[in-house]
Amino acid sequence: MSEAVRACLIIIGNEILSGRTHDKNLPYLAEELNKLGIRLAETRVIPDIETTIIETVNECRAKFDYVFTTGGIGPTHDDITSSCVARAFGVEIELNPQAHELLKSHYENPADLNEARLRMAHIPVGAELIDNPVSKAPGFRMENVYVMAGVPMIMQAMFQGIKHQLTGGRPMVSRSVGGYIPEGAIAKVLGEIQHDFPDTDIGSYPFLREGKLGTTLVVRGEEAKDVDLASERIRAVIIELGREIIEDSGAVS
């Protein structure tokens, strides 16, 4: 394998941890990054706690090529991501003139741009704004850290605007093979196949459908040939064991 370009997603928000809000940004970002040859290597879900955000951002930006954060850049009291990122980088946060103008253009009535909404125009010094074509309140980039909204529609629009800035490696190829076979029945052979194809990643995902236990095996790698060969080996083993192959297993790779 070529040297991987690795990214981390930091999901910020008590509402995610409480279960009241279901995150939709992770699967979107993982898929989009994969198209660019960037592997989402880690995801962290953290609360709206200043020290936690600062420590997590600093740890991840030193560890990964790219860091993406979602959530915590709105107008309410618990939207503290911007100020925390500023502290992580050791800079001040200030009313950004460009962000201020964007918000003023969004509200026809100047009175609607109240003190709370104006908080969304306070950006760390030295940051580069990320365009928000949906509601104008921008995200921003500090070095390799991209700070984006938590609302999926806005986050996706922001990402589409910055993806041209990202430099990836070779995109991963993925194949899935499903069968009505328990993991334990195929585990030993999977280990052998993984050994024979060390430059692939083989994942095993059990499921229960219509009362029948099955497993989806997902093979990922940079070389399509290796992925195909490993997938065919898995398919052959399932058939040899007298188990039913599922062409569409419903797995997300």
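A contact here means heavy atoms within 4.5 Å. By that yardstick, 70% of the chain's contacts between residues at least 6 apart in sequence join residues at least 24 apart. What you're looking at is a predicted model, with a chain average pLDDT of 93. It's built from 9 helices and 12 strands.

**Overall build**
- Along the principal axes, the C-alpha atoms fill a box of roughly 70 × 40 × 30 Å.
- The chain runs to 253 residues, and buried ones make up 42% of them.
- Accessible surface adds up to about 13000 Å² for the chain, with 51% of that belonging to carbon and sulfur atoms.
- On the charge side, there are 25 positive and 37 negative side chains. The centres of those two sets sit 3 Å apart.

**Confidence**
- A pLDDT of at least 70 is reached by 96% of the residues.
- The stretch to watch is residues 248-253, where pLDDT stays under 50. For that stretch the model has 9 contacts beyond four places in sequence.

**The annotated domain**
- UniProt, in an unreviewed entry, lists residues 8-170 as "domain: MoaB/Mog".
- That span is 39% helix and 22% strand, and its end C-alpha atoms lie 18 Å apart.

**Around Pro 47**
- Pro 47 sits in the loop that links strand 2 (38-46) to helix 3 (50-63).
- Skipping its neighbours within four places in sequence, Pro 47 touches Ile 12, Asn 14, Leu 17, Thr 52 and Ile 53.
- If you want a distance across the chain, the C-alpha atoms of Pro 47 and Asn 132 are separated by 24 Å, with the two positions 85 residues apart along the chain.

**Two glutamates with positive phi**
- Glu 143 isn't a glycine, yet its phi is positive, at about 55 degrees. You'll find Glu 143 in the loop between strand 7 (139-142) and strand 8 (145-148).
- Glu 143 has 54% relative accessibility, so it counts as exposed.
- Glu 210 is another non-glycine residue with a positive phi, near 55 degrees. Its spot is the loop between strand 10 (200-209) and strand 11 (212-221).
- Glu 210 has a relative accessible area of 73%, so this residue is exposed too. The cut-off behind both calls is a relative accessible area over 50%.

Technical notes
Residues numbered from 1 in each chain as written. Predicted model: local features only at pLDDT ≥ 70, side-chain atom pairs only at ≥ 80, totals over all residues. Heavy atoms only, no water. Helix = DSSP H or I, 4+ residues; strand = E, 2+ residues; numbered from the N terminus. Buried < 20%, exposed > 50% of the residue type's maximum accessible area, 1.4 Å probe, protein only. Areas by Shrake-Rupley, 256 points an atom, 1.4 Å probe, with all protein chains shown as cover. Lys, Arg positive; Asp, Glu negative; His and termini not counted. Charge placed at Lys NZ, Arg CZ, Asp CG, Glu CD. pLDDT = per-residue confidence, 0-100. UniProt positions renumbered as here; feature names shortened; annotations may be inferred.
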